[in-house]
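Work through the exercises below with the model open. Each task is followed by its solution.

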Amino acid sequence: MSDSATATLTEHPKPNGLEGIIAASTALSHVFGEEGRLVYRGYDIHELAGKTTFEEVAYLLWFGHLPNEHELKEFNIQLAENRFLPQAVIDGIRVLPADAEPMDALRTGVSLLGAVQPDRFGGTPDRDEAIALAASFPVILAAFFRLRQGKEPIKARMDLNTAQNYLYQLFGTEPDEKHWKPLETYLILLADHGLNASTFTARVIASTESDLCSAITGAVGALKGPLHGGAPSKVLDMLNEIGSVENVEAWVDHALDNNQRLMGFGHRVYKAEDPRAEVLRGLAEIASTPEFFGLSKTTEDVVLRKLDERKPGRRLYTNVEFYSAAVLAAVGLPGDMFTPTFAVARSVGWTAHVLEQVEHNRLIRPQSEFIGVTDLHFEPIERRH
Ligand code: ACO
């Protein structure tokens, strides 16, 4: 590369990650970043969390209104009838190594569903496909969870809701209300969130007129990264490493001295507290042990104070991932199932966004700013250094 080309590249400002760019229209949900508000189809998240069921919220996102009793009954049957996996998908998951990441197993399972059931998932994405695919998410995860322990997957039960069935299929025991209720609220809070990175990924893929499983496989991959949905198990690692409240100050100072990102803090859009963090903090206080909640709360307080001192003006607050760790651990899930459980909730939002994209589709194809050189001349290989 010529000296002038190197100079051009190093002088260029870093990309802004599409910050502030409007890349799609949606009536599904909106993040009011300055106010710290999240709205699903007109309802503030506080109107829904703890008051309604996950199924009602899923219905709201897919159908545009909250269901009446008859609609909910029919919808619950449709969900229950779709909680099964074709044998070829179970066999595909079975051959994965036991130490494979559950997010990789989920991504593989979603992709396999598309490959082995093109009649069920291969058309232009529609609501029935969306419901069937989202209903399959917890089933794929529970199958992998059991297979990696050398146990056989368990069939779903028609009488259980999404949160109950997930726990039942994971652990094989009657789900306890003290576990499935907080899990249900968690699922409601995480069901959709504007044009986040994984949702954008799903919409980009759908915009090419690809199929639903392809769009959602891409979304699972995008969610996996720690700057997006991959943070909560790292929050758990962080809290375990800190160990006790006496160690918090020194641990946080050391991490920030070494330019580490503290997992569970900061957000691209929220410049106030994430409203989901507020609800999850309350849930964690009830569901978690007093020791673990105390450690989480002290860590949160110290981190917020230190981020404010060291990064003035950046407006870094607690995000959804921080207390997700305490809540999901209290529900009985191991750390590597946290992000996949986030995906169980978000499968509803992703598929609803795909339906919206398909309804008013135009190929998403942005431009890049070209920062390379244009005046090189071909050299035969024997003359190149
Ligand atoms: N810890 C320490 N510093 C932070 C953190 C953090 N968690 N988050 C942001 N900062 C700092 C950055 O170092 C940067 O400082 P600088 O201006 O001195 O360079 C400044 O705040 C702005 O950071 P950006 O990277 O520009 O902010 P961006 O909007 O791109 O990042 C993100 C948002 C990725 C979530 C970031 O806050 C982060 O990495 N958080 C930790 C990971 C995390 O919690 N992920 C889950 C996000 S929630 C979700 O997706 C569901």
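The exercises go from the whole chain to one helix; the model is a predicted one.

**Exercise 1.** State how many helices and strands the protein chain has, and decide how its radius of gyration stands to the globule rule.

Solution. The protein chain holds 18 helices and three strands. Its radius of gyration is 22 Å, and the globule rule gives 21 Å for 385 residues; the two values are close, so the chain is as compact as a globular protein of that length. The C-alpha trace spans about 70 × 55 × 45 Å along the principal axes.

**Exercise 2.** Describe burial, contacts and surface for the protein chain.

Solution. Start with burial: 50% of the 385 residues are buried, where buried means under 20% relative accessible area. Next take the contacts with a separation of 6 or more: 75% of them join residues 24 or more positions apart. Last, the accessible surface comes to about 18800 Å², and carbon and sulfur atoms account for 52% of that area.

**Exercise 3.** Count the charged side chains of each sign and locate the two centres relative to each other.

Solution. The protein chain carries 37 positive and 53 negative side chains. The centres of these two sets lie 2 Å apart.

**Exercise 4.** Is helix H3 mostly covered or mostly open, and what follows it?

Solution. H3 covers residues 54-63. Nine of its 10 residues are buried, which makes the helix mostly covered. The buried residues are Phe54, Glu55, Glu56, Val57, Ala58, Tyr59, Leu60, Leu61 and Trp62. After H3 comes Gly64, with a positive phi near 95 degrees.

Notes
Residues numbered from 1 in each chain as written. Predicted model: local features only at pLDDT ≥ 70, side-chain atom pairs only at ≥ 80, totals over all residues. Heavy atoms only, no water. Helix = DSSP H or I, 4+ residues; strand = E, 2+ residues; numbered from the N terminus. Rg over C-alpha atoms; globule rule 2.2 N^0.38 Å. Buried < 20%, exposed > 50% of the residue type's maximum accessible area, 1.4 Å probe, protein only. Contact = heavy atoms within 4.5 Å. Areas by Shrake-Rupley, 256 points an atom, 1.4 Å probe, with all protein chains shown as cover. Lys, Arg positive; Asp, Glu negative; His and termini not counted. Charge placed at Lys NZ, Arg CZ, Asp CG, Glu CD.
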